Amino acid sequence: MYQTPMSRSIHLRTPFFFAVMLMFLLAPRPARAEQKIGFVNPQRVVNETHLGKTAKADLARYVAEKDRLSKESAAQVATLRKEAEAPGLPAQDRGRREDLLRRKAAQHEQLLTENARDIKAEETRLLQYVMRRAEAVLEELGKKGGYAIIFTDPAAVGYVDKASVDLTERVARELDGRSK
Amino acid sequence: MRSLISCIMAALLVLACAATGLAKEPGWGRVYTVRGKVTVRENPEQAALTVRVLKSGQKVRVDFEDGGWAAVFDPAETERVETRAQGYVRLAELRSEAKPGARSEAMSEAAPRPEKPDKSGKLQKSAAPDTADKGKKTESRKGAQAQSFGEIRVADRQMAVRAGRDKDTEFKRLLKAGQRARVDFQEDGWFAVFAPDEKVRELSRAWGFGRDKYLVPEKDYTGQPLPEPSEAAAKETLAKPAAAAKEIQAKPAPKQKPGASVSDAVGYTVQSRQADHLRPLAPVVLRVRIDVTAPPAPEALRKIMREIWKAERRKNEDLQVEVLLPSMDQGGLAYGVARFHDDGRIKEFWWREVVLRTKR
């Protein structure tokens, strides 16, 4: 049978090609089986752990303290307004009181803005404090459990099989175990 | 008949013993009998939490008067320790609602008062009137009765009274060290200053404006006209240690959480002092680590922080104190944070229990 060099080369290459394909298909399989994907809901970690609940209580106390300051300032503004609007005041005195009221009202507005900013900052600080501890748990869990990726952004996940992928409860349990 | 007489005699004897017992009540503070309702607060601040309300007929022992506020104790309280107080009342409110000539008032006036520790336990000048300043005190009490607004304060140094709340405004008059004045309308670190006997709360009737930090409550005045026998001792106690590691006096709060105890003296180390140069109005943040075995309860923490503020504040800086507990991260979240008014009252205070929940 006449064989061209080309057909001979195909004949020779076929087993080699199959061998490579086989290796490619077989080799990654064990690695794929070890690397898992997990998901943790940070909001649930905050809501369901002792650490998170304490942080929320701390934040509530902080907000109450800021509210107290705001109310105190508002009361001062109200008093000054009453004094400035009192009937029968000499013009000079009224002007002075109105000036005082304007300054106090501006200070009050500034206080409200600062309070809102401070509350936001404190919330971030407390959340970060909890999440840093949760991340330490996550890292350990990821290494031990062979997780390649653990998502923490609920918006980035379309579907989660809670039984196999959602690690929130495990993280919460572990975090509770680590906190007093 | 004989048994009836002996019964009456026994009853009289019991009454006499009880009276003697009452007479031997601790000779400190003043006992007031409340006529109306008086609010007792957690701290000497109008905005502080109400811890109880005194009802008509109730007797209370009152001491540690400071800035128009006083600590309230059980009348039977024997120990004169501020941390045993039930709370604080506004003196004006108490006086207006208390029965005049309450029994122990005279008693405490006659008895020499002990050296008065301040809220943190430091020794301060005694508020007891000695013979030399008795006249002045009587005068001051008369003033208090006539008081219709503000409070009487004393200039702790020679100071200017100005036309406005600014040091660049027109000079109005000079207050000499020790001179009394009625003050009100506190704003931006300035008081409106009135004649001590002024009864009308009108800014137009004020002498002018003076820096509030130089106008101290009468009992806190340490200058010449009101000499104090214990001045040297007080100064010695108040001397500030030069080393970085310091010790302040702090006592546990009356309402301590179980397990949270603070020894009488609390040492602390300054960890950092940071000023935000980009925001000149932002407070200087002082982080200190306190040397305690258990986290202090919030009320004790307030007192510790106030003492630290007093010791560490430089000039007129707005100093925010942040307290770390032993073995907490130096750069991490602080356990307690406090900001202060210029006169040392706490403006803002909060603490974070979350930092206690992490095993260290």
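## Chain A at a glance

Helices here are DSSP runs of H or I with at least four residues, and strands are E runs of at least two. With that in hand, chain A of this predicted model has six helices and two strands. Followed along the sequence, these elements appear in the order α-α-β-α-α-α-β-α.

Chain A has 180 residues, and 29% of them are buried. Its exposed area is about 12000 Å², with carbon and sulfur atoms supplying 60% of that. As for how the chain contacts itself, take the contacts between residues at least 6 apart in sequence: 78% of these join residues at least 24 apart.

## A nonpolar patch

Let us look at the surface of chain A. Ile37(A), Ile149(A) and Phe151(A) together make a nonpolar surface patch of about 250 Å². One of these residues, Ile37(A), sits in strand E1, which covers residues 36–39 of chain A. Ile37(A) has 47% relative accessibility and therefore counts as partly exposed, because that class lies between the 20% and 50% limits. A patch residue needs over 30% relative accessible area, and the 47% of Ile37(A) fits that requirement.

## Salt bridges between the chains

Side chains of opposite charge can pair when their charged atoms come close. Across all chains of the structure, a search finds 33 salt bridges.

Among them is the pair Glu348(B) and Lys66(A), whose closest N and O atoms are 2.4 Å apart. This pair crosses between chains: Glu348(B) belongs to strand E21 (residues 346–351) of chain B, while Lys66(A) belongs to helix H4 (residues 50–84) of chain A. Both Glu348(B) and Lys66(A) are buried.

Helix H4 of chain A takes part in another crossing pair through Glu83(A), whose partner Arg201(B) lies in the loop between strand E13 (190–194) and strand E14 (208–211) of chain B. The side chains of Glu83(A) and Arg201(B) meet at 2.8 Å, N to O. Are the two partners buried or partly exposed? Glu83(A) has a relative accessible area of 15%, so it is buried, whereas Arg201(B), at 35%, is partly exposed.

## Salt bridges within a chain

Chain B also holds a salt bridge of its own, between Asp343(B) and Arg345(B), with the closest N and O atoms 3.0 Å apart. Asp343(B) is partly exposed at 31% relative accessibility, and Arg345(B) is partly exposed too, with a relative accessible area of 33%.

In chain A, a network of salt bridges links Arg44(A), Glu48(A), Asp166(A) and Glu169(A).

How values were computed:
Residues are numbered from 1 along each chain as its sequence is written. Chains are lettered from A and ligands numbered from 1 in the order in which they are written. This is a predicted model: local features need pLDDT of at least 70, side-chain atom pairs count only at pLDDT 80 or more; totals for chains, interfaces and linings use all residues. Side-chain values use heavy atoms; hydrogens and water are left out. Patches are made of residues with over 30% relative accessible area and no salt bridge: like charges are joined within 9 Å, nonpolar side chains (Val, Leu, Ile, Met, Phe, Trp, Tyr) within 5 Å. Accessible areas come from the Shrake-Rupley method with a 1.4 Å probe; for residues, only the protein chains shown count as cover. A salt bridge is a side-chain nitrogen of Lys or Arg within 4 Å of a carboxyl oxygen of Asp or Glu. Buried means under 20% relative accessible area, exposed over 50%, partly exposed in between (1.4 Å probe, protein chains only). Contact means heavy atoms within 4.5 Å.
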